[in-house]
Amino acid sequence: MLVTGNDILIPARAGQYGVGSFNTNNMEITQAIIHTAERLRSPVMVQMSEGAIKYGGQDLANIVIDLARRATVPVALHLDHGSSYESALKAIKMGFTSVMIDASHHGFEDNVKETRRVVEAAHAMGISVESELGRLGGIEEHIVVDEKDAFLTDPEEAVQFIEQTGTDYLAIAIGTSHGAFKGKGRPYIDHARIEKIASLTSIPLVAHGSSGVPQEIVERFRAAGGQIGDAAGIADEDLQRATGFGIAKVNVDTDLRLASTVGIREALTANPKEFDPRKIFGPAREVMSQVIEHKMRVLGSVGKA
Ligand SMILES: O=C(COP(=O)(O)O)N(O)CCCCO
Ligand code: NA
Ligand SMILES: [Zn+2]
């Protein structure tokens with residue numbers, strides 16, 4: 001069934017498990033996400049970035065909304081990294097049931113102002129809101145934040161920000177970063193900071209940049225002709241530890257990008273004569289389902305629907 005982000009995340013924080021929020025850009029990715037959630041009896045969030053909305057528009061949103069409505073587990077459609085009040089409202093008009101307003105590149109006051117505006121409008125329409133305080137390292141889609149400027153979330157500021165904005169859930173910067181290159185070897189996750197923020201707050205917390213970049217997938221990617229440097233993602237045990245301390249929404253995009261590309265490259269290299277799109281995109285769905293299943297088991301959301 002199609003629900004809001006709060007319907008999924010409030011129980012997740014209370015139950016100390018994480019729920020994957022997976023980015024989609026087409027039908028096969030959406031099917032892999034929602035069918036795997038149903039098979040494992042797991043709640044799930046499907047998210048679209050502004051780039052995905054540009055790419056698939058209402059057509060793609062309608063695919064998500066229809067699958068979500070017919071799903072036998074709770075599914076929310078979430079706007080990922082909404083960059084403005086207008087963008088958030090447009091997503092709500094498109095049928096999104098959860099929106100992020102990412103004003104984290106502003107100073108505290110402007111972030112509060114922008115976030116509060118979206119919260120008031122979204123709440124008037126029964127939609128729940130994610131906001132962000134602190135900046136991830138890595139590339140935030142439209143913003144390049146290099147390491148020295150990336151700053152982690154201050155626990156006291158987080159308390160103030162939540163009080164002043166009414167945000168429903170909060171993305172915090174705790175050492176993760178977007179993309180396939182999260183650090184040399186095991187990326188540093190500031191668990192003390194997560195635990196401090198969790199002890200001072202009661203709303204669901206969000207971890208961006210939470211792809212694990214499984215080495216097995218990276219090796220298959222290279223073996224099937226893909227080129228990638230030494231890729232690294234967040235360790236399963238770091239994610240598991242974080243879900244015990246307030247992290248309830250866990251954003252995953254890169255793992256699906258790698259998995260779908262592995263499926264497609266393997267299909268094409270295995271049979272150069274193939275040109276039936278179902279034989280090319282079908283395998284992508286398979287590999288993505290495996291990766292999604294692993295993530296749901298790591299987060300502890302299996303059987304929670
Ligand atoms: O936090 C994430 C995903 O992080 P990851 O790149 O670890 O999958 N997102 O918000 C997805 C969009 C960012 C570009 O991928
Ligand atoms: Na988001
Ligand atoms: Zn993100």
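**Figure 1. Polar contacts of ligand 1 in the predicted model.** An oxygen atom of ligand 1 lies 3.4 Å from an N or O atom in the side chain of H208. The model shown here and in the other views is predicted. Two contacts of ligand 1 involve the backbone: an oxygen atom of the ligand is 2.8 Å from a polar backbone atom of G209, and an oxygen atom of the ligand is 2.7 Å from a polar backbone atom of D253. Ligand 1 taken alone exposes 380 Å², of which the protein buries 96%.

**Figure 2. The shell around ligand 1.** Ligand 1 is surrounded by 15 residues. D80, K182, S211, D253 and T254 are the closest of these. By class, the shell holds ten polar residues, four charged residues and one nonpolar residue. Strand β3 (75-82), strand β10 (247-252) and helix α10 (254-270) each contribute at least two residues to the shell. The site of ligand 1 is the largest pocket.

**Figure 3. The site of the sodium ion (ligand 2).** H78 (NE2), D80 (OD), E130 (OE), E130 (OE) and K249 (NZ) coordinate the sodium ion at 2.5 to 3.2 Å. Along the sequence, the donor residues of the sodium ion follow the spacing H-x1-D-x49-E-x118-K. Distant parts of the chain are linked by one pair of these residues: H78 belongs to strand β3 and E130 to strand β5 (residues 128-133), and the two are 52 residues apart. D80 also appears in Figure 2, as one of the residues closest to ligand 1.

**Figure 4. The site of the zinc ion (ligand 3).** Three histidines supply the protein donors of the zinc ion: H81 (NE2), H178 (NE2) and H208 (ND1), at 2.0 to 2.2 Å from the ion. The sequence spacing of these donor residues is H-x96-H-x29-H. H178 is in the loop between β8 (169-172) and α7 (191-200), and H208 is in the loop between β9 (205-207) and α8 (215-223), so this pair ties together parts 30 residues apart in sequence. H208 is also the residue of Figure 1 whose side chain has an N or O atom 3.4 Å from an oxygen atom of ligand 1.

**Figure 5. The two metal ions together.** The distance between the sodium ion (ligand 2) and the zinc ion (ligand 3) is 5.5 Å. Donors from strand β3 include H78, on the sodium ion. H81 is among the donors of the zinc ion.

Note on methods: Residues numbered from 1 in each chain as written. Chains lettered and ligands numbered in written order. Predicted model: local features only at pLDDT ≥ 70, side-chain atom pairs only at ≥ 80, totals over all residues. Heavy atoms only, no water. Near = heavy atom within 4 Å. Polar contact = N/O pair within 3.5 Å; in protein donor to acceptor, adjacent residues only side chain to side chain. Areas by Shrake-Rupley, 256 points an atom, 1.4 Å probe, with all protein chains shown as cover. 1 Å grid on protein atoms, 1.4 Å probe; cavity = no way out; pocket = protein on both sides within 12 Å on 5 of 7 lines; lining within 4 Å. Sits in = over half its atoms within 2 Å of the grid points. Helix = DSSP H or I, 4+ residues; strand = E, 2+ residues; numbered from the N terminus. Nonpolar A, V, L, I, M, F, W, Y, C, P; charged D, E, K, R; others polar. Donors = N, O, S within 2.8 Å, 3.2 Å for Na, K, Ca; no water.
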